[in-house]
Amino acid sequence: MFLPQQLLFSGHTATLQCKADGIPTPQLHWKFNNTDAQHSGEEFTIKKAILSDSGTYVCNASNQYGYTSKAMQVVVVHTATLESEYLVNQYSDLILPCYDYQPSINVEVSWRLNGRLLTGSQVLQNGSLHITK
């Protein structure tokens, strides 16, 4: 079964939405990885996402006449935290990390220096920036 997938970068916020119509109005309940998420309503908000927020979110809508559900896959991509300053030996290279590389996730990475896009061999395949001596 193919699930819609939402990429979410660590530390960011995402709101999943679920709408259901019916008479009487359906009750909406959420599950996360087949466990009751202890949440009801049309929106489920993931705040300051961390890797363990990755998984399958299911909105269940039910009333006395029926039941339906909708699932969505959320993948949290862990981004690296950069320091404001790095001390480097003048004869050494520096590699600035971008994110925990997962080949199955299609993420486009770009680096800028003073607003100018950096390209070419400076940007490694895993998204990290390689600054040569």
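Which two cysteines form a disulfide, and how many Å apart are their sulfur atoms? I looked this up before anything else. Cysteine 18 and cysteine 59 form the link, with 1.9 Å between the sulfur atoms. I keep in mind that the model is predicted.

**Entry: the disulfide**

I counted the disulfides and got one. I then placed its two ends: cysteine 18 sits in the loop between strand E2 (14-17) and strand E3 (27-32), while cysteine 59 belongs to strand E6 (residues 55-63). The two are 41 residues apart, so I note the pair as a link between distant parts of the chain. I read the torsion about the S-S bond as -75 degrees, and the link of cysteine 18 and cysteine 59 is left-handed. I also checked exposure, and both cysteine 18 and cysteine 59 are buried.

**Entry: the chain as a whole**

I listed the secondary structure and found zero helices and eleven strands. Read along the sequence, the pattern is β-β-β-β-β-β-β-β-β-β-β.

I looked up the radius of gyration next. The chain has 21 Å, where a compact globule of 133 residues would have a value near 14 Å. The C-alpha trace spans about 70 × 25 × 25 Å along its principal axes.

I took the share of buried residues, which is 26% of the 133 residues. For contacts with a separation of 6 or more, I found that 56% come from residues 24 or more positions apart. The exposed area of the chain is about 9,700 Å², and carbon and sulfur atoms supply 49% of it. For charge, I counted 8 positive and 10 negative side chains, and I found the centres of the two sets 4 Å apart.

**Entry: backbone exceptions**

I recorded the general expectation before listing exceptions: most residues other than glycine have a negative phi, and most peptide bonds are trans.

Which peptide bond did I find to be cis? The bond from isoleucine 23 to proline 24 is cis, with omega near -5 degrees. Proline 24 lies in the loop between E2 and E3. Cysteine 18 is also placed in the loop between strand E2 (14-17) and strand E3 (27-32).

I then looked up two asparagines in the loop between E3 and E4. Asparagine 33 has a positive phi of about 50 degrees, although it is not a glycine. The loop that holds asparagine 33 runs between E3 and strand E4 (35-40). Asparagine 34, in the loop between E3 and E4, has a positive phi of about 65 degrees and is not a glycine either.

Is asparagine 34 buried or exposed? I found asparagine 34 exposed, because its relative accessible area of 74% is over 50%. Asparagine 33 has 37%, so I noted asparagine 33 as partly exposed.

**Entry: two buried positions**

I looked up valine 77, which lies in strand E7 (residues 66-77). Its relative accessibility is 1%, so I count valine 77 as buried. I took the C-alpha separation of valine 77 and valine 107 as 9.0 Å, for residues 30 apart along the chain.

I looked up serine 128 last. Serine 128 is in the loop between strand E10 (116-118) and strand E11 (129-131). Why do I list serine 128 as buried? Serine 128 has a relative accessible area of 6%, and buried means under 20%. Leaving aside neighbours within four places in sequence, I found serine 128 in contact with Ile95, Leu96, Pro97, Cys98, Trp111, Gln122 and Val123.

Note on methods: Residues numbered from 1 in each chain as written. Predicted model: local features only at pLDDT ≥ 70, side-chain atom pairs only at ≥ 80, totals over all residues. Heavy atoms only, no water. Helix = DSSP H or I, 4+ residues; strand = E, 2+ residues; numbered from the N terminus. Buried < 20%, exposed > 50% of the residue type's maximum accessible area, 1.4 Å probe, protein only. Disulfide = S-S within 2.5 Å. Rg over C-alpha atoms; globule rule 2.2 N^0.38 Å. Contact = heavy atoms within 4.5 Å. Areas by Shrake-Rupley, 256 points an atom, 1.4 Å probe, with all protein chains shown as cover. Lys, Arg positive; Asp, Glu negative; His and termini not counted. Charge placed at Lys NZ, Arg CZ, Asp CG, Glu CD.
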